[in-house]
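This report sets out the strand pairing, the core, the aromatic pairs and selected residues of one chain. The sequence and the structure are shown first.

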Amino acid sequence: MKNKKNIYILLTIVLGIWGMVIYRLFSFSNPDTNIPATASNFTFKPIEVKARDTFSIDVNYRDPFLGKMYSNDVQKKNTSHVPIVKKDTLIWPNIIYKGLVSDSKEKKKVFLVSINGQTYFMNEKTTEQEVTLKKGDRNTIEVLYKGKKNKIGLQ
């Protein structure tokens, strides 16, 4: 019996709270409240803009590192333009190192080299198309072309 009594009390409290919520919700949308339709004259007052406070920096002071007075005069350095004389530029042929063929003890090495699209089997100190193979190993070769050396890696 006591449980039913508590349920009835709590039920009336919950219904009362929901009733107040619904009443407030519908009271905001009540059309009985009339808003006056008279237009009021609005006046706008522009904001006053103050003039900016300006300042200048006086740069006539002693340099703390050099101990000299600052000078505004920029001295131009006398730079003479020396023309660079280019020697004849050497245009290398297209050289591609493709690999190495050797015997089991690596006493006799034959290098596979492509020069300007033509493939040659070259030993050390041999010349093809003015390209001399000086020395080489499994990863790189050293070639000489018109007195200039160049190292070429395996591709």
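Which residue in E5 is the bridge partner of Thr126? The partner is Leu133. The model in which this pairing appears is predicted.

## The E4-E5 and E5-E6 hairpins

The bridge between Thr126 and Leu133 belongs to the pairing of strand E4 with E5. Strand E4 comprises residues 126-128, and 3 bridges join it to E5 in an antiparallel arrangement. The two strands form a hairpin with 2 residues between them. Gln129 lies in this turn and has a positive phi of about 50°.

Strand E5 also pairs with E6, again in the antiparallel sense, and this pairing extends over 5 bridges. The connection from E5 to E6 is a hairpin through 3 residues. Within the pairing, Val131 has Tyr145 in E6 as its bridge partner.

## The E1-E2-E3 sheet

An open sheet is formed by 3 strands in the order E1-E2-E3, with antiparallel pairing. E1 and E3 are the edge strands, each of them pairing on one side only. On average, neighbouring strands of this sheet are turned by 20° against each other when direction is ignored.

Between E2 and E3, which run antiparallel, there are 5 bridges. Ile115 stands opposite Gln118 in E3. The loop between E2 and E3 contains Asn116. Asn116 has a positive phi of about 50° although it is not a glycine. With a relative accessible area of 45%, Asn116 is partly exposed.

## The nonpolar core

The largest nonpolar core has 14 residues. Those with the most contacts inside this core are Tyr97, Phe111, Val113, Ile141 and Val143. Two or more residues each are contributed by strand E1 (95-102), strand E2 (109-115), strand E3 (118-122), strand E5 (131-136) and strand E6 (140-145).

Val113 illustrates how the contacts spread along the chain. Leaving aside residues up to four places away in sequence, Val113 touches Ile95, Ile96, Tyr97, Gln118, Thr119, Tyr120, Met122 and Ile141.

Ser114, which lies in strand E2, is also buried, with a relative accessible area of 6%. Under the same exclusion of residues up to four places away, Ser114 touches Asn94, Ile95, Ile96, Lys98 and Thr119.

## Aromatic pairs

A pair of aromatic rings is described by the distance of the centres and the angle of the planes. The count in this model comes to 2 aromatic pairs. In one of them, the rings of Trp92 and Tyr145 have their centres 5.5 Å apart and their planes at 40°, so the pair is tilted. This pair links distant parts of the chain, with Trp92 in the loop between helix H1 (2-28) and E1, and Tyr145 in strand E6, 53 residues apart. How do the two residues stand with respect to burial: what class does each fall into at 27% and 10% relative accessibility? Trp92, at 27%, counts as partly exposed, whereas Tyr145, at 10%, counts as buried.

Tyr97 and Phe111 form an aromatic pair that is tilted, with 6.1 Å from centre to centre and 55° between the planes. Tyr97 lies in strand E1 and Phe111 in strand E2, so the pair ties together parts that are 14 residues apart in sequence. Both of these residues are buried, and both are among the core residues with the most contacts inside the core.

## Helix H1

What separation should the ends of H1 show, given 27 residues at 1.5 Å a residue? The expected span is 39 Å, and the end C-alpha atoms are 40 Å apart, which agrees. The number of buried residues among the 27 of H1 is 0, so this helix lies largely in the open.

## The loop after E6

Lys146 is placed in the loop between E6 and strand E7 (148-153). Like Gln129 in the E4-E5 turn, Lys146 has a positive phi of about 50°, and Lys146 is not a glycine. With a relative accessible area of 56%, Lys146 is exposed, since the cut-off for that class is over 50%.

Methods
Residues are numbered from 1 along each chain as its sequence is written. This is a predicted model: local features need pLDDT of at least 70, side-chain atom pairs count only at pLDDT 80 or more; totals for chains, interfaces and linings use all residues. Side-chain values use heavy atoms; hydrogens and water are left out. A nonpolar core is a set of buried Ala, Val, Leu, Ile, Met, Phe, Trp, Tyr and Cys residues joined through side-chain atoms within 4.5 Å. Buried means under 20% relative accessible area, exposed over 50%, partly exposed in between (1.4 Å probe, protein chains only). Helices (H or I, at least four residues) and strands (E, at least two) are DSSP runs, numbered from the N terminus. Contact means heavy atoms within 4.5 Å. Rings of Phe, Tyr and Trp (its six-membered ring) pair if their centres lie within 6.5 Å; planes under 30 degrees apart count as stacked, over 60 as edge-to-face and the rest as tilted. Two strands pair if DSSP finds at least two bridges between them. Axes are lines fitted to C-alpha atoms, for helices over the stretch in contact, and angles run from 0 to 180 degrees between N-to-C directions. The expected span of a helix is 1.5 Å times one less than its number of residues.
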